[in-house]
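Reader: I should like to learn how the features of a protein model are read. Might we take them in turn?

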Amino acid sequence: MKKLIYLVSLVITHTLLAQIVVLHPVKVPDAQINHFENIELNYSKKIAQHAVNNGNLEFWALMKAFNPGADDYNYLWVNVYKDIEHAVGQAPWWDHAQAVVGVETSILYEGFSDLKTDRRYYYAMNQEIAALAPAQYVIFNFASPENLNLILEQTKNIVIPHFKKNMAASGMVGWGLGLKVTPQGTDYASMMTYDAYDNLENVMKHLSGGAALSGLPQNKLEPVQWSMRPVMQVMGATTPKP
């Protein structure tokens, strides 16, 4: 119980000012993939960019799962907000579809009755390395480490310096670590990290212990048991506010 209370208090402390990343998985039937991508990349992306330009959203991306199983969610919406207030204290940015693209959101998604959406997963970013370039692929890593405080300390003092030193040569273009805000519980990961790369080859090298991981002193790090490590291709994303 003490560990749980400590984890919750740690998350709350860092969410007060931290950026909030919202991951929202969706399963799109094969027959509707082309239509779905057309709506997302030609309409939703424009609405999201409008929200970024107005300061209501920091970043939006549509990602597609690499090598998903038959029953897996095959797409992921990623929304990044400045803070908790922007994430939950304002009207959803997609409600402005009519003003931005001339079509109501409900009309854009007509005919998608077979879409299966998961709940939204909120993470408060705790540590990040500024992006060197737009990512083409992202590895999401989920875990619930018992000694979270030690993991955060080691990540700050060992992992981040190592990644910064090796990013350019390995193809890594960004990295971050977030702590779960909601949902919480034994069935949900309490921590998420992401490894952003320039191509799939370097992603595979990373997953095999190479790329930016090469030379990382694993013997000095607390072992982390990852519960899931999906690879996602970035299909489209917003650009920073002008």
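**Pockets and a bent helix**

Author: Let us begin with a pocket, bearing in mind that the model is predicted. The second largest pocket has a lining of 27 residues, and those nearest its centre are Pro25, Tyr73, Phe142, Met228 and Pro230.

Reader: Which elements give two or more residues to the lining of the second largest pocket?

Author: They are β1, β3, β5, β6 and β9. With three residues, β6 gives the most to this lining. By class, the lining of the second largest pocket holds 19 nonpolar, four polar and four charged residues.

Reader: How is such a space found, and what is the volume of the second largest pocket?

Author: Rolling a probe the size of a water molecule over the atoms reveals where empty space remains. In the second largest pocket, that space is about 630 Å³.

Reader: What volume does the largest pocket have?

Author: Its volume is about 900 Å³. The largest pocket is lined by 35 residues, of which Phe59, Ala131, Ala135, Tyr194 and Thr238 are the closest to its centre. At least two lining residues come from each of β2, β3, β5, β6, β7, β8 and β9, and β9 gives the most, with four. The lining of the largest pocket divides into 25 nonpolar, seven polar and three charged residues.

Reader: Let us turn to helices. What span should helix α2 have, and what do its end C-alpha atoms show?

Author: Helix α2 comprises 21 residues, 33-53, and at 1.5 Å a residue it should span 30 Å. The end C-alpha atoms of α2 are 28 Å apart, which agrees.

Reader: Where does α2 bend?

Author: The bend is at Ser44 and amounts to about 35 degrees. Ser44 is also one of the buried residues of α2, which include Ile33, Phe36, Ile39, Ile47 and Val52 as well as Glu37 and Glu40.

Reader: Against which elements do the buried residues of α2 pack?

Author: They pack against the strands β1, β2, β3 and β9, and against the helices α4 and α5. After α2 comes Gly55, which has a positive phi, near 80 degrees.

Reader: Since α5 has been named, may we consider a residue there? Is Thr105 buried or exposed?

Author: Thr105, which lies in helix α5, has a relative accessible area of 19%. A residue counts as buried under 20%, and Thr105 is therefore buried. Leaving aside residues up to four places away in sequence, Thr105 touches Trp94, Asp95 and Ala97.

Key:
Residues are numbered from 1 along each chain as its sequence is written. This is a predicted model: local features need pLDDT of at least 70, side-chain atom pairs count only at pLDDT 80 or more; totals for chains, interfaces and linings use all residues. Side-chain values use heavy atoms; hydrogens and water are left out. The expected span of a helix is 1.5 Å times one less than its number of residues. The bend at a residue is the angle between axes fitted to the seven residues ending there and the seven starting there. Buried means under 20% relative accessible area, exposed over 50%, partly exposed in between (1.4 Å probe, protein chains only). Contact means heavy atoms within 4.5 Å. On a 1 Å grid over the protein atoms alone, a cavity is a set of points where a 1.4 Å probe fits but cannot get out, and a pocket is an open set with protein on both sides within 12 Å along at least five of seven lines; lining residues have an atom within 4 Å of a point. Grid points are joined across faces, edges and corners, and a volume is the space filled by probe spheres set on the points. Ala, Val, Leu, Ile, Met, Phe, Trp, Tyr, Cys and Pro count as nonpolar, Asp, Glu, Lys and Arg as charged, and the others, Gly among them, as polar.
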